[in-house]
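Subject: Structure handover

Hi,

Here is the structure for your set. Please open it first, then read the notes below.

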Amino acid sequence: MRIVCPFCGERELGEFTYLGDAKPVRPAASASEDEVFDYVYLRDNVAGQMSEYWYHGGGCRAWLKVTRNTLTHEISAVEPAAGVGARKVGA
Amino acid sequence: MAEFSWVSRSPLEQGLVTGVHGARGIKAGVLLTEIRNFDLIQVMARRGKGVQMASAAEARFGVAAPDVPKAIQTADASLIWSGPDQYFVLSKGSKHTMDTLTRALSQSASLSDQSHARALIGVSGTKARAMLAKLSSIDLHPQALPIGTAAATSIDHTSVNLWRGNDRPDGQAVFNLLVFATFAESLWHTMLDAAAEYGVDIRHSEEFA
C-alpha cells in the first residue's frame, strides 16, 4: 500500500503510522458520561469507506486524514489533518 | 566544581575510517563524504504565521524559502524544505546562526539550533544511486529527483532529509543526507554494507560538496 502525502508525494506504507478513526469528535466538557465513554471507547468496525488519521512520521511528520476503503485498501482522498490528529493523541 | 570544555565532535568520529573499502581491483563506485562543522538552524512557522515567515525569510535571504520539497541555494546558505511551513538553513562560517537568524525570523517562526544534532553525509560516485536505491523507497532517477529536489523520508527506518545538490565537475550526481547524530553511525554502517560491492571511497571534509 502507498499513500500520496499532500506534502511529500507518493510514499510507501512504512513511512506512515496508523492512528485510527477520524470521525469521533471530542465532546464538550459538559458532555454526559455516556457521550465521553462513546468517544473514548466505542468505534465502528467499518467495512467500506472509512476516514482515518495517518501520521507521516518517516517523512514530513504531518498528520493526514485518509479516506480508505477497508475492503480493497483503495485510497480515494488524502488531506492534511491540520493539527486535529495531534490534538487527538493529546500532543 | 568540575569545569567543562565543550568540544564538538563528529558523531561519525568512531565509525568513519578514511580510505578505500569494499570491492578491490575496481575504481570505487561510491564516494561517501562526511561534511563537518556546519551551521544548521531549523525554522518552523508559528501557528498561522506561514505567510509572515515567508516574507521575513525572503527579506533575510533574498529568495523565497522553499514551500515545496526543494533545496534552494542562496549566496551563502542552503534552504532545505523539511515539512509544511518549515525548513533548514544550512551554512558555514557563522553566517547564519541562532544569533543572527533570531533577529530576522523570530517574530513569525520558532528556531532551533541543529548544528551539532545532525550529521551531514554526501553520497556521490557512479554507483551512488544504485547503492541508495537498495535502502530508500523514493525514486532517485534524475527525472524524478532533479538537482535541487529535497525529500523528508526514511532510509533503513531512519528519518533523513535528503536533497540533490549540484552535480560534481565530473558530472556525477550528489545526494546529501542529514541524519540525526545518534542515528548517524547506524546509517553509516548500513550504507557501507550497501556500497561494499561497488568499492567505496570514504572521506571527511570541512567544505560542502
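Helices and strands here are DSSP runs, numbered from the N terminus; a helix has at least four residues and a strand at least two. Note that this is a predicted model.

Chain A first. Along the sequence, its pattern reads β-β-β-α-β-β-β-α. That comes to two helices and six strands. Chain A has 91 residues, and 22% of them count as buried. Now its contacts with a separation of 6 or more: residues 24 or more positions apart account for 50% of these.

Next, chain B. The domain assignment splits chain B into domain 1 (19-37 + 116-205) and domain 2 (39-113). The C-alpha centres of the two domains lie 25 Å apart. Where they touch, domain 1 of chain B gives eight residues and domain 2 of chain B gives nine. On the domain 1 side, β9 (150-155) and β10 (158-165) of chain B are the elements that give two or more residues. The largest share there, three residues, belongs to β9(B). By class, this domain 1 side has four nonpolar residues, three polar and one charged.

Last, the contact between the chains. Chain B puts in nine residues and chain A puts in ten. Which element gives the most to the side of chain B that touches chain A? That is β9(B), with four residues. This side of chain B holds four nonpolar and five polar residues, with no charged residues.

So β9(B) is worth a look in both places: it gives the largest share of the domain 1 side facing domain 2 of chain B, and the most to the side of chain B that touches chain A.

Best wishes

Definitions and conventions. Residues numbered from 1 in each chain as written. Chains lettered and ligands numbered in written order. Predicted model: local features only at pLDDT ≥ 70, side-chain atom pairs only at ≥ 80, totals over all residues. Domains from an automatic or database assignment. Contact = placed C-beta atoms within 7 Å. Nonpolar A, V, L, I, M, F, W, Y, C, P; charged D, E, K, R; others polar. Buried ≥ 20, exposed ≤ 12 C-beta atoms within 10 Å, placed from the backbone.
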